[in-house]
Amino acid sequence: MLVWPFLKGEVVSTPDAKEHWEQHYGERERVWSGRVNLRLAEVASDLPIGRALDLGCGEGADSVWLAERGWNVVAVDISDTALQRARAAAEARGVLDRIDFQQHNLSETFPDGEFDLVSAHFFHSTLPLDRTRVFRRAAEAIRPGGTLLIVDHSGPPPGDTKLDDHRHIFLSPEEVVASLNLPEEDWEPAQIKVVEREVNWPDREPFIWHDNVIVLRRRS
């Protein structure tokens with residue numbers, strides 16, 4: 001398993017971004033577990049069903065989970081291989097008609113329309129990525145009453161120093177929210193916290209990782 005870069009849904013503005021992610025997904029028949037991200041399941045289970053946007057859908061587990069629960073989903077990734085696997089997963093689970101798979105480099109293009117939920121998990125990258133710009137654009141696409149869910153790592157895996165060479169900066173959840181500069185009169189913070197998660201990778205002992213969970217709701 002790759003350690004860095006290994007994160008789901010990275011999108012970058014450099015000319016080799018697509019090639020980078022094709023190589024990443026091409027190195028293994030399956031990169032991710034196929035299970036829905038826990039924080040998405042926790043948050044979305046309490047929301048009215050509507051139209052969702054999965055930014056950096058990877059191999060499609062989150063999009064398929066939402067579609068199985070009645071959501072109409074726009075699933076976005078930069079990688080052809082990831083999208084092909086995601087489509088195959090949706091077809092196997094009988095929800096292909098509920099998911100619109102789109103290829104975007106989100107530093108350059110963004111899906112059309114408005115959404116009741118936008119989910120972005122682990123948008124960290126060892127390549128240049130203007131995360132704040134992408135998140136602000138995502139917030140603009142959320143309907144009144146809708147939800148923005150951002151899940152970040154609050155730091156690298158314990159004992160890992162590989163990102164030092166890339167000068168990667170991990171932000172606190174409060175810093176992520178502040179960077180968006182969203183009008184307080186329009187947005188309500190539902191969750192801004194750090195949570196623990198046990199991680200099991202095949203090449204090391206299980207460890208505890210800390211994630212930022214940010215849930216913002218657009219006021220009606």
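1. A good place to start is helix α3, where the buried residues are Asp62, Ser63, Val64, Trp65, Leu66 and Ala67. The model is a predicted one, which is worth keeping in mind throughout. The helix covers residues 61-68, and because 6 of its 8 residues are buried, α3 is largely enclosed by the rest of the structure. Its cover comes from several elements: the buried residues of α3 pack against α2 (38-44), β1 (51-55), β2 (72-77), α4 (80-92), β3 (99-103) and β4. After the helix comes Gly70, with a positive phi near 100°.

2. Next, the nonpolar interior. The largest nonpolar core contains 27 residues, and those with the most contacts inside it are Leu66, Trp71, Val73, Ile99, Phe101, Leu117 and Leu149. Two or more residues of this core come from each of α2, α3, β2, α4, β3, β5 and β7. There is also a second, separate core, with 24 residues, including Leu55, Ala139, Leu180 and Leu216.

3. Ile99 deserves a look of its own, as one of the residues with the most contacts inside the largest core. Which residues does Ile99 touch, leaving aside its neighbours within four places in sequence? The partners are Ser63, Val64, Ala67, Val73, Ala75 and Ala90. Among these, Ser63, Val64 and Ala67 are buried residues of α3.

4. Now to strand β5, residues 142-153, which is mostly covered, with 9 of its 12 residues buried. On one hand it runs parallel to β4 (residues 115-121), to which 6 bridges join it; in this pairing Phe115 stands opposite Ile142. On the other hand, β5 pairs with β7 (residues 207-218) in the antiparallel sense, over 7 bridges. Here Leu148 of β5 faces Leu216 of β7 across the pairing. Leu216 also belongs to the second core.

5. Strand β7 brings us to the aromatic residues. How many aromatic pairs does a search of the whole structure find? The search finds 1. In that pair, the ring centres of Phe207 and Trp209 are 5.8 Å apart and the planes meet at 55°, so the pair is tilted. Both partners are covered: Phe207 is buried with a relative accessible area of 7%, and Trp209 counts as buried at 3%.

6. Helix α6 (residues 173-180) is worth viewing end on. Its buried residues are Pro173, Val176 and Leu180. Seen down the axis of α6, these fall within an arc of 60°, so they line one face of the helix. The cover over them includes α5 (131-140), β5, β6 (187-199) and β7. Leu180 is also one of the residues of the second core. Following α6 is Asn181, whose phi is positive, near 55°.

7. Finally, the chain as a whole. There are 6 helices and 7 strands, and from the N terminus on their order is α-α-β-α-β-α-β-β-α-β-α-β-β. Of the chain's 220 residues, 50% count as buried. Among contacts with a separation of 6 or more, 73% are between residues 24 or more positions apart. The chain exposes about 10600 Å², of which carbon and sulfur atoms supply 45%.

Definitions and conventions. Residues numbered from 1 in each chain as written. Predicted model: local features only at pLDDT ≥ 70, side-chain atom pairs only at ≥ 80, totals over all residues. Heavy atoms only, no water. Buried < 20%, exposed > 50% of the residue type's maximum accessible area, 1.4 Å probe, protein only. Helix = DSSP H or I, 4+ residues; strand = E, 2+ residues; numbered from the N terminus. Pairing = 2+ DSSP bridges. Phe/Tyr/Trp six-rings, centres within 6.5 Å; stacked < 30°, edge-to-face > 60°. Contact = heavy atoms within 4.5 Å. Core = buried A, V, L, I, M, F, W, Y, C linked by side-chain atoms within 4.5 Å. Arc of directions from axis to C-beta. Areas by Shrake-Rupley, 256 points an atom, 1.4 Å probe, with all protein chains shown as cover.
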